[in-house]
Amino acid sequence: MRAVVQNDENRVVFAGRARGLRGGLALLVVAALASGCAQGGGTASGRPGATSAPPAAGAGVQAAKGAQEKAEAQKGAQAEKAARAAAAKRWGLDKVPLVAPPPPAKKPRIRTRDGFEVDDHEELGLPPVFTTVPTDQKVVFLTIDDGAEKDPAFIRMMSDLKIPYTAFLSNYLVKDDYGYFRTMQKAGVSLNNHTLHHPYLPGLSYAEQKHEICDMQDIIEKQYGKRPVLFRPPYGNYNQDTLRAAKSCGIKYAPLWDEEVYVDHWEYREDDQDLHPGDIVLTHFRGRDDWKGTMPDMIRRFLKKVTDKGYAVARLEDYL
Ligand SMILES: [Zn+2]
């Protein structure tokens with residue numbers, strides 16, 4: 001009996017030592033990794049072992065540095081959170097907008113929504129027409145059309161709140177003040193094509209449609225230095241000629257929308273009258289001339305629903 005007990009004790013002791021040993025090995029591995037990072041993937045001399053400080057001391061310094069960096073990152077994140085809360089308060093939001101997750105490493109494949117195809121859509125490689133981006137992330141995308149209202153407070157609000165959006169411009173509405181949209185572009189917004197004069201495109205010939213779309217490509221490139229790859233047909237109306245013309249002058253995508261937000265209400269494409277992951281939301285550059293409120297009022301309505309439903313606003317271009 002006694003021997004058995006001793007044996008058991010011995011085993012327990014041995015097991016304890018084994019755990020200790022494994023712990024020691026793990027520490028060594030961590031130290032090796034840390035010093036590997038510190039040397040930026042190898043020394044210039046090509047002699048990885050030729051460091052003056054003993055490895056244990058180097059690892060200690062690295063661990064302290066790592067802890068300091070972690071603390072600084074935490075402090076930075078807290079400061080950012082506080083700044084977001086302050087911005088939300090400044091702009092009269094009930095809740096702080098959620099921060100979008102990083103976009104997927106592998107971009108989703110964008111396909112034309114069922115029922116939205118034109119003849120030979122895929123065969124001709126025409127730009128896909130879609131209302132939602134395939135994703136599981138709880139994000140929506142904000143797109144803003146036309147360009148009549150040019151409210152400086154709107155640009156300030158969006159920059160302050162760090163809410164991304166994508167603009168679709170129609171030349172006859174923006175040509176009196178290209179500079180307004182230049183300010184927007186400098187804040188990171190991509191400026192895209194919504195034709196010269198906002199016509200009902202299916203009523204025009206191929207040549208007329210090409211003029212409306214491709215001449216707008218040239219104007220945006222001349223004014224803003226970048227040729228758009230996104231085009232939205234006015235009213236969401238298009239035919240095969242529209243997409244062929246758009247493709248001929250560099251358009252890669254034709255995003256439509258799944259919801260539209262106004263200053264005083266929402267409209268939904270789907271029967272469930274709800275937001276879905278990856279939905280594209282449409283609104284317009286409109287103010288008190290057209291609406292009972294300002295663009296910041298509209299954004300407050302937009303963000304209220306989006307945040308209440310647990311969505312963040314992401315950047316459409318990051319998913320295309
Ligand atoms: Zn429009």
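**Exercise 1: two helices side by side**

Find the angle at which helix α3 (residues 152-161) and helix α8 (residues 295-308) pack, and work out what kind of residues make the contact.

*Solution.* Start with the axes: in this predicted model, α3 and α8 pack at an angle of about 35°, and their axes are 8 Å apart. Next, pick out the residues that touch. From α3 come Ala 153, Phe 154 and Met 157, while α8 brings in Met 295, Pro 296 and Ile 299. Now sort them by type: six are nonpolar, and there are no polar and no charged residues in the contact of α3 with α8.

**Exercise 2: a helix with a hidden side**

Look at helix α7 (residues 240-248) and decide how its buried residues are arranged around the axis.

*Solution.* First list the buried residues of α7: Thr 242, Leu 243, Ala 245 and Ala 246. Then check their directions. They span an arc of only 160° around the axis, so they sit on the same side of α7. What lies over them? The cover for these buried residues includes α6 (206-224) and β5 (254-255). Finally, step just past the end of α7, and you'll meet Gly 250, which has a positive phi of about 100°.

**Exercise 3: a strand in the middle of things**

Work out how many residues of strand β8 (residues 280-284) are buried, and then find the strands β2 and β6 that pair with β8.

*Solution.* Count first: five of the five residues of β8 are buried. Now take the two faces in turn. Ile 280, Leu 282 and His 284 are buried on one side, and Val 281 and Thr 283 are buried on the other, so to speak the flip side. Then move on to the partners. Strand β2 (residues 139-146) runs parallel to β8, joined by five bridges, and here Thr 143 stands opposite Leu 282. Strand β6 (residues 259-261) also pairs with β8 in the parallel sense, over two bridges, with Glu 259 opposite Val 281.

**Exercise 4: into the core**

Find the residues with the most contacts inside the largest nonpolar core, and then follow the contacts of Val 140.

*Solution.* This core has 53 residues. Those with the most contacts inside it are Val 140, Phe 141, Leu 142, Ala 167, Val 281, Phe 302 and Val 313. Ask next which element gives the largest share: that's α8, with six residues. Now zoom in on Val 140 and skip its neighbours within four places in sequence. What's left is contact with Leu 275, Asp 279, Val 281, Val 306, Tyr 311 and Val 313.

Key: Residues numbered from 1 in each chain as written. Predicted model: local features only at pLDDT ≥ 70, side-chain atom pairs only at ≥ 80, totals over all residues. Buried ≥ 20, exposed ≤ 12 C-beta atoms within 10 Å, placed from the backbone. Helix = DSSP H or I, 4+ residues; strand = E, 2+ residues; numbered from the N terminus. Arc of directions from axis to C-beta. Contact = placed C-beta atoms within 7 Å. Axes fitted to C-alpha atoms, helices over the stretch in contact; angles between N-to-C directions. Nonpolar A, V, L, I, M, F, W, Y, C, P; charged D, E, K, R; others polar. Pairing = 2+ DSSP bridges. Core = buried A, V, L, I, M, F, W, Y, C linked by C-beta atoms within 7 Å.
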